[in-house]
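Student: I should like to take a close look at a single part of this model, the interface between its two partners. Could you describe how that interface is built?

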Amino acid sequence: MKQLLSGNEAIALGAYHAGVGFATAYPGTPSTEILQTMAPMEGMYTEWSINEKVALEVGMGAAYGGVRTLVIMKHVGLNVAADPFFALATTGTNAGIVVISCDDPGEHSSQGEQDNRHFAKFAKVPMLEPTDSQEAYDLMDRAFKISEEFDTPVLFRSTTRISHCKCTVDVSRERTTDLKKPGFLRSSAKYVMVPSNARVHRVAMEERIARLREWVEEFPLNEMILNDRKLGVISSGVAYQYAREVFKNASFLKLVTTYPIPANLVRKFAAEVEKVIVVEELDPHLEEEVRLLGIEVSGKEFIPIIGELNPEIVEAGAVKAGLISESVLPSAVATSKVTIPPRRPQLCAGCPHVGPEFVLRKLGFDPNIKPSPTPREMTENEIVVTSDIGCYTLGVYEPLGALDTCACMGASIGHSTGLEKAGIPNKSVAVLGDSTFMHSGITGLADMVYKQSEGTVIILDNSTTAMTGHQGHPGTGVSVTGEQGPLVNLEKLVEGIGIKDLNVVSVYDLDAFETTLKRCVENAEPSVIIARGPCVLREKIKWTPRQVDQDLCVECHDCLDVGCPAICIWDEKVQIDSAVCVGCGVCEQVCPSEAIVEMKS
Amino acid sequence: MKDVNVLMVGVGGQGVILASDAMSEIGMNAGYDVKKTDSLGMAQRGGSVVSNVRWGEKVFSPTIKKGEADFLISFEEVETARWAAWLKPGGVVIVADVVVVPISAMSGAFPYPDWEEIKGTLQERTEKIYLIPATRIGAEVGNPKALNIVMMGALSTFLDLDTEKWLDDIRKKVPPKFLDSSLQAFHRGVEETRSMKH
């Protein structure tokens with residue numbers, strides 16, 4: 001049966017048909033839809049784990065217990081889960097376990113770009129990479145068989161363009177019922193990694209990879225396509241599709257087992273063609289593997305190492321390398337005569353993050369200094385605002401422009417402590433969301449208490465994981481399928497960690513938030529402000545929209561500093577779009593001339 | 001089978017993705033190999049959205065190359081200019097008369113261009129430009145959210161597919177209470193475009 005499936009849907013369905021009974025994940029673009037697709041399927045246990053490390057540890061437990069398991073994360077999630085990933089590579093498993101890493105070349109929605117294929121080589125585990133949704137579906141069944149046959153986790157690597165591209169898929173299988181019953185086989189030699197056992201496993205890992213090297217030679221989804229022998233292209237993932245588009249007559253070796261690679265197959269292919277190139281996204285992973293075989297090969301000399309590829313980029317590289325004489329398709333000629341205003345993502349109208357970030361800008365940043373990308377000295381009363389990963393990171397952009405750091409999940413709190421303990425003259429405040437706090441802010445806060453920090457942590461509690469599409473987390477108790485379950489009480493958690501100065505304020509009361517923040521910053525003990533207000537996108541909030549009383553408006557444009565998409569200047573007047581405005585009232589509090597009022601119905 | 005490359009563009013929240021999903025299913029049901037991909041990332045939060053839909057005998061790349069889109073379907077005026085370079089010379093542009101002013105245009109550094117300026121840029125590539133009064137149609141059928149269905153109606157007049165194939169997909173996707181207004185929106189999209197062709 002033909003179905004139109006995204007790569008993520010195909011992974012989910014393929015895994016389900018492979019008999020997966022257990023799946024864990026932490027939401028992260030572009031991986032999020034995999035677990036969401038699996039959750040309603042019959043016979044599945046699914047969970048949003050508190051973070052990727054826990055997701056993998058819970059998954060390991062299930063696989064040790066004999067249930068086929070899928071653990072899903074985005075590329076940077078595997079950094080968080082690296083510790084159990086290496087441990088799992090060492091212990092091996094009972095039932096099959098596949099770790100999905102969805103990389104994000106070009107950083108569409110990530111704080112960094114990294115090529116997670118290195119993790120396969122690093123942890124000495126086999127890796128599979130599909131070139132489209134069909135292969136994602138087909139490979140999943142084999143991934144679990146490999147995991148069980150070789151007693152190893154399998155790294156299954158997708159990228160944004162594979163995960164989020166929809167393709168026609170021939171769904172040929174049904175859910176396998178040929179599975180063993182859950183049961184843990186007690187064996188300390190296998191599962192307890194004391195040095196004496198780990199040394200034995202270390203030898204087994206090398207033997208395992210050696211056996212895999214032989215086994216991949218016969219892997220049926222690696223494909224050699226012989227056309228014109230002048231040029232042979234080795235490729236994998238979505239780059240293979242781009243290369244097929246650009247090198248129309250060339251010979252191809254498509255690899256889906258990208259670690260280890262089938263050495264003899266590569267040698268055979270190289271012998272068939274006059275020149276071998278590798279077309280791959282990000283790092284020269286395949287290129288280096290091929291070169292190690294003593295084959296003359298090129299790739300990264302003309303295919304960029306940075307960012308996402310596309311047919312134009314591959315074509316430009318091919319022209320540069322003299323592989324094709326000219327662009328084979330009509331070139332893009334139109335250069336727009338109009339200046340197109342950039343349209344970057346922004347916080348929604350009524351977003352609960354806007355009020356607190358507006359106040360942070362006001363208190364933390366000297367209004368006499370214009371924002372600039374050049375590093376500058378801070379003035380005496382300015383406050384460093386360390387931030388984190390979530391929608392509120394959008395507050396870095398003008399006109400809010402209220403953030404100083406954003407590195408990785410949970411880092412805001414550590415940054416703040418570090419700046420303080422380093423003895424900088426300015427105060428610092430950490431800002432992060434409720435989901436991010438649960439993910440990896442808890443340990444940072446405990447460290448703050450332990451180190452007698454004077455810092456302030458603002459938890460922007462919108463009661464969801466908003467950026468990735470409103471997933472639950474321990475603080476909400478909401479499951480993957482939306483059921484309400486037991487939850488971790490945020491206030492009690494913070495108090496339990498040892499915070500005495502705990503404050504809960506509404507995000508819509510700017511005065512109260514400002515007063516609280518000022519006091520907390522001056523307080524010589526660690527403090528937490530929970531700034532609470534629901535995600536308007538999730539709750540679909542619509543209060544009374546505001547309008548501008550043009551008679552009272554003095555055109556100071558202070559309201560534009562809120563950066564609300566509902567407020568704009570049109571016909572030289574400040575106007576509020578009532579269709580967009582949700583009536584949060586933040587602009588009304590900012591207006592010095594009381595010109596912003598509730599709309600009369 | 002003739003290859004069809006459609007670039008659908010707009011702003012987060014306008015229904016671009018739903019329309020391109022429908023386009024893909026319609027292509028698959030008509031027997032094409034189909035690939036479609038969106039660039040959105042953080043775009044749900046008001047950013048620029050682009051969706052590539054490709055129908056063909058065999059489709060490799062999910063993305064359409066610059067200069068290769070047969071159709072540029074734009075849900076917002078200035079977004080049309082942003083993606084103009086993707087249009088094939090002589091290709092078809094269908095634009096909704098919708099303006100969503102980006103924050104960057106507020107300060108005056110990037111004034112929002114007027115339609116005549118945008119049209120001038122498009123005319124370097126093609127004369128086939130159709131400005132659809134989508135806002136008015138949305139109001140007339142009592143469903144402003146049906147913008148994406150109006151645009152599908154407009155596009156359908158250029159493709160050699162039975163209208164029923166389009167309507168079937170709408171019937172499958174749209175909740176019952178919006179079905180009537182959605183079907184009307186589709187037909188109004190068809191009518192407006194046909195009247196402009198003559």
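**The interface of chain A and chain B**

Tutor: In this predicted model, 53 residues of chain A are in contact with 54 residues of chain B. The size of an interface is often given as the accessible area lost when the parts come together. Here the area buried between chain A and chain B is about 4800 Å², and carbon and sulfur atoms give 62% of it.

Charged and polar pairings also cross the interface. The rule finds five salt bridges between chain A and chain B. A:Glu315 forms a salt bridge with B:Lys65, in which the closest N and O atoms are 2.1 Å apart. For polar contacts, the count between the two chains is 15 residue pairs, with both residues at pLDDT 80 or more.

On the side of chain A that touches chain B, the elements that give two or more residues are the strands β1 (2–6), β8 (165–170) and β21 (567–570), together with the helices α11 (237–246) and α14 (311–320). Of these, α11(A) gives the most, with five residues. By class, this side of chain A has 29 nonpolar, 13 polar and eleven charged residues.

Strand pairing also links the chains. β8(A) and strand β2 of chain B, residues 33–39, run antiparallel and are joined by three bridges. Within this pairing, A:Cys165 has B:Thr37 of β2(B) as its bridge partner. β8(A) thus appears twice in this account: among the elements that give two or more residues to the side touching chain B, and as a strand joined to β2(B).

Definitions and conventions. Residues numbered from 1 in each chain as written. Chains lettered and ligands numbered in written order. Predicted model: local features only at pLDDT ≥ 70, side-chain atom pairs only at ≥ 80, totals over all residues. Heavy atoms only, no water. Contact = heavy atoms within 4.5 Å. Buried area = accessible area lost by both parts, 1.4 Å probe. Salt bridge = Lys/Arg side-chain N within 4 Å of Asp/Glu carboxyl O. Polar contact = N/O pair within 3.5 Å; in protein donor to acceptor, adjacent residues only side chain to side chain. Helix = DSSP H or I, 4+ residues; strand = E, 2+ residues; numbered from the N terminus. Nonpolar A, V, L, I, M, F, W, Y, C, P; charged D, E, K, R; others polar. Pairing = 2+ DSSP bridges.
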